[in-house]
Amino acid sequence: MMKHRFTAFALALLPLASFANPQIAWTDCTTDLVGPGGTALGDRLQCGTLRAPLDHIAPDGRFFDVGVVRIRAAAADQRQGSLFVNTGGPGAHPGRLLVAIARGWSQEDPDDPDTADKYRLAQRFDMIAVIPRGLRGGTEYRCLTGLPPRYAFLPSHLDDDNWRKVIEEANAQSSACAAPPEARFISTEQHVHDMDMVRRALGDDSLNFYGISYGGRVGGWYAAMYPTRVGRMLLDSPMLFTHDFRAAMEMTQTARRKQFQKALAPIVADPVLYGLPDDPSAITSSFDDLPGRTREMWYPFLDSTPRLAAALWIAGWIREAEPESQSKLEGRIRRQTFSADASLDRGIRWAAMQLAAHYFAPAPTVPRFDAGQDGDSVRLAVGCNDSRWAFSDDQIRARAVNGAARYLHSNGDDILEELVCSRWPHATARLPDLTRVEQAPPFLLLQSEHDVATPAEGSRNLLDRYPNARLLTARGSSVHGVFNFTTSQCIERTVARYLLDGSLPDSESRESYCEGTNENPLSALPHTPVPASTPATPATHDEFR
C-alpha cells in the first residue's frame, strides 16, 4: 500500500490580504537544503518560507508553504535586482546547485575579463531559488514507494499477463499520488505564480531568470503569464515549452535512437576491425533480439561504439551458454583479443568489463529514487497536471510495442508514467497563452548541438516561433546544462554578460555559435574577431561542478 505524507495546510485558513502583500520569514539554511558548501557564503545565504495560495487563480484561504533560498548580493549598495535560478526536473531540488554557482561566481577574479562578469553578478544580484512545490523546505509531497515494480522489464515482456501487472501498478500510483489535497496544485502554473509572489516579496520590479532543462518550461511559462515583469531570461538546454511532456519524451527517445545509430555506424562499416563477422546486416539485427537479461541490464549503457562492440561480443557468448558467474565472464574478457588495433582492443575490453558488472548486478530490493521520494513524486504530479493525457490503454500499449522495437535504450518507465497520468482525476493546469512570450524582452537560448536530453531541434523551434529569441549553439557538444560547466570563454563570457547587462550576440539569423565547450580562452566571442598576432594558449579556466 502506498503512503503519502499529509500536512496540516489543508485545514488552515489565511486572509486573502496576506497573499496580496507577501512576506518571507528568513532564517539560516540547513545542510539538507543547500549542502555543506553554504558556510562559505556566510550571512549572505538565507532560507525562508512563503505562504502561497493553494490556487493562485482561485484562492480560498488555504495555503501551501513554499521554500525559498536566497544568496544576497555581496555588495548591498550596488544591488541591481535578483536572478532566479531553476535547476530543472521536474522534481530537482535547487539548493545545492544554487550555492555552488554563487560560490563559484563570488570567487572569480574581478580583474580577469574572462571571469569578471560572473564576479559582478555575485556582487550586484541576489540569487534566488524558489523551491518547487512539494520538495523539502516547504510543504512536502510524497506518494511513491520507490520499490521495484511488480511487473517484468516491459520492453522484453509485452505479454498480456505482464501488461495486466503494469496496469495494476499504474492504478496504484495514480490512486496514491492523486489522493492528497495538494496534488492537483503541484504544477508549472502554480510554481510560476509562486515565483512572481517571491518577486513581489523582494520588492523587485522585474524578474531575471536562469533556467536549465525543465527550467526552460518554467521560464517560458513565466514570460507568457508575466511578460511585462521579465528582465533577462536565459533558457539553458531548454525543454520545448510549447509542447507537452509526452512530446518532449518522444523527442528525447528519437535523439537517443540517433545517438545509438551513430555509435553503431563504425561497426557496421567495418565489423572485422571490431573482431566481428563480416556481416553488416547481422550486426544490425543482433540488437533486435538481445539474449537473456542483457537488454534489461544494459539499456542505459548502449551509447558508445566500444560499448556496442562489447555488447555484441558478450551477447554472442550468452547465446552459446549462460555465463556461470561474473568472475568467469570477466576472465574470458581478459583473455579475448577483440581487435587487432591495440587501442581499440583496450577500449572494447574496458567496456566489456563494465557490461559484465551490470549484467550480474543484483535486482533491487529496497526503495530507490532518482531525485528522492519527494522529487520523484513531484515529477509525476507536475507531468500529470501540466499536460493532457487523453490516450486509451490500448493506444498506450501499441506505443509500448512500437517503442520496444524502436528504442533500445528505454526501460518502459515512460509508458507507466503515461498510464498513470491517463488515470489522473484532476483537471489539468491552465495552459498560458504562449503567444504572449513575444511581448517579453529579447531572451537567450543556450544549446548543445548534440544534446539528447533536450535536443537542439527544440531550441530551433523556439527560435523560429519567437522573434525576440536569440540562440547560442555549442557546436559539437553533447553537454546538457551548458553555462557554468565549460571551459569555453565564448560561452561563459557571452552568457554572463547577457545576464549582467542584457547584451546579446548580434546576428542577422539570431543564431550564434561557439566551437564546443572546451575552447581556447582567446577564442572570439560571437562576431568578435581574434587578432591574428595573438598566440594561442591552452585553456586554464576551471569551472566548478
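Contact here means heavy atoms within 4.5 Å. The model is predicted: local features need pLDDT of at least 70, side-chain atom pairs count only at pLDDT 80 or more, and totals for chains, interfaces and linings use all residues. Residues are numbered from 1 along each chain as its sequence is written, and side-chain values use heavy atoms, with hydrogens and water left out.

**View A. The open sheet of ten strands.** Helices (H or I, at least four residues) and strands (E, at least two) are DSSP runs, numbered from the N terminus. Two strands pair if DSSP finds at least two bridges between them. The strand order is 1-2-3-5-4-6-7-8-9-10, with mixed pairing. Strand 1 (24-27) and strand 10 (511-514) are the edges; each has a single partner strand, so one side of each lacks a neighbour in the sheet.

**View B. Strands 6 and 7.** Strand 6 (residues 207-212) and strand 7 (residues 230-236) run parallel, joined by five bridges. Gly 211 has Leu 235 of strand 7 as its bridge partner.

**View C. Helix 3 across the sheet.** Axes are lines fitted to C-alpha atoms, for helices over the stretch in contact; angles run from 0 to 180 degrees between N-to-C directions. Helix 3 (residues 95-106) lies across strands including strand 2 (45-53) and strand 3 (63-71). Helix 3 runs at about 165° to strand 5 (125-130).

**View D. Helix 18 (residues 489-501).** Ten of the 13 residues are buried (under 20% relative accessible area, 1.4 Å probe, protein chains only; exposed is over 50%, partly exposed in between). Among the buried residues are Cys 490, Tyr 498 and Leu 499. Just after helix 18, Gly 502 takes a positive phi of about 90°.

Technical notes: The expected span of a helix is 1.5 Å times one less than its number of residues.
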